[in-house]
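User: I would like to learn how to read a helical structure step by step. Could you take me through it, with the general idea and then the case at hand?

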Amino acid sequence: MLDQWRRSCERREILGALVGAGIAPRPADAANARSRLFNHHRVRLGLAVGERMRHLQRAAGALVAQQLHEHLGDPALIGFAREGLHLGLFLTELLQWRLHLSLAQTPRWRLETLSAAQFAAFAVERDGTELCRALGDQLGSLEYHLREQLT
């Protein structure tokens, strides 16, 4: 029931990240799109960005946990409310595409002056409003999907 929703959300986020980074939005699976985005960052910045992305994903995971706790408050709903669905992990995976946009909008000099952890804190603080809005959109989309399926 949720697989179709998950695939459509991921596809929408992937296309948004590719277009936002100025990459042709050819149909691509997640691995292909991720590879294209990492290559784009490496060419544009001349830096390997894997470590920075890992730190960004960890910081985004903390933001997701905080937002889910504020919205839901029930750890059972946040964790494995349904077998195979961990809402926190899934939303963090979706946010990785927004994090690529955050990285694409950051000038090289900023990346060179900050460590990976400092950059992650800077980027999540700078883009926190947009990330929270994206999380709210995803939660709203999930709620709509569930209401449509159950009524």
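Analyst: Let us begin with a bend, keeping in mind that this is a predicted model. Helix α5 has a kink of about 30°, and the kink is centred on W97.

User: Where in the sequence does α5 run, and what should its 18 residues span?

Analyst: Helix α5 covers residues 87-104. At 1.5 Å a residue its 18 residues should span 26 Å, and because the C-alpha atoms at its ends are 26 Å apart, the two values agree.

User: Is α5 mostly covered or mostly open?

Analyst: Of the 18 residues of α5, 16 are buried, so the helix is mostly covered, where buried means under 20% relative accessible area.

User: How do I read a single residue in that helix, for instance T92: is T92 buried or exposed?

Analyst: T92 lies in helix α5, and because its relative accessibility is 16%, T92 counts as buried. If we leave aside the neighbours within four places in sequence, T92 is in contact with Q57, G61 and V64.

User: And what does H100 touch?

Analyst: H100 also has its place in helix α5, and with a relative accessibility of 1% it counts as buried. Apart from neighbours within four places in sequence, the contacts of H100 are R34, L37, F38, H41 and M53.

User: For contrast, where is A48, and is A48 buried or exposed?

Analyst: A48 sits in the loop between α2 (30-45) and α3 (50-71), and because its relative accessibility is 65%, A48 counts as exposed. The C-alpha atoms of A48 and H100 are separated by 13 Å, with these positions 52 residues apart along the chain as the sequence separation. A48 and L131 are 83 residues apart in sequence, and their C-alpha atoms are 24 Å apart in space.

User: How should I describe two helices that pack together, and what are the values for α1 and α5?

Analyst: Two packed helices are described by the angle between their axes and the distance between the axes. Helix α1, which holds residues 3-20, packs with α5 at an angle of about 10°, and their axes are 8 Å apart. Angles under 35 degrees count as roughly parallel, and α1 and α5 are therefore roughly parallel to each other. The crossing in which α1 passes α5 is left-handed.

User: Which residues of α1 and α5 meet?

Analyst: On the α1 side the meeting residues include W5, R6, C9, E10 and E13, and on the α5 side they are F90, L94, W97, R98 and L101. W97, on which the kink of α5 is centred, is thus among the residues that meet α1.

User: Which residues of α1 are buried, and what covers them?

Analyst: The buried residues in α1 include W5, C9, E13, I14, A17 and L18. An α-helix has 3.6 residues a turn, so residues three or four places apart point the same way. What covers the buried residues of α1 includes α2, α5 and α8. The 18 residues of α1 should span 26 Å at 1.5 Å a residue, which agrees with the 26 Å between its end C-alpha atoms. After α1 comes G22, whose phi is positive, near 80°.

User: At what angle does α1 pack with α2?

Analyst: The angle between α1 and α2 is about 20°, and their axes are 11 Å apart. That makes α1 roughly parallel to α2, and α1 passes α2 in a left-handed crossing. Here E10, I14, A17 and L18 in α1 meet A30, A33, R36 and L37 in α2.

User: How do α3 and α8 cross?

Analyst: The axes of α3 and helix α8 (residues 128-150) come within 11 Å and cross at roughly 55°. That makes α3 oblique to α8, and their crossing is right-handed. L63, V64, Q67, L68 and H71 in α3 meet L131, C132, L135 and L139 in α8.

User: What do the buried residues of α8 pack against?

Analyst: The buried residues of α8, among them L131, L135 and L139, pack against α1, α3, α5 and α7 (116-126). For the 23 residues of α8 the expected span is 33 Å at 1.5 Å a residue, and its end C-alpha atoms are 33 Å apart, which agrees.

How values were computed: Residues numbered from 1 in each chain as written. Predicted model: local features only at pLDDT ≥ 70, side-chain atom pairs only at ≥ 80, totals over all residues. Heavy atoms only, no water. Helix = DSSP H or I, 4+ residues; strand = E, 2+ residues; numbered from the N terminus. Buried < 20%, exposed > 50% of the residue type's maximum accessible area, 1.4 Å probe, protein only. Contact = heavy atoms within 4.5 Å. Expected span 1.5 Å × (residues − 1). Bend = angle between axes of the 7 residues up to and from the residue. Axes fitted to C-alpha atoms, helices over the stretch in contact; angles between N-to-C directions. Parallel < 35°, antiparallel > 145°, perpendicular 65-115°, else oblique. Left-handed = near helix turned anticlockwise from the far one by under 90°.
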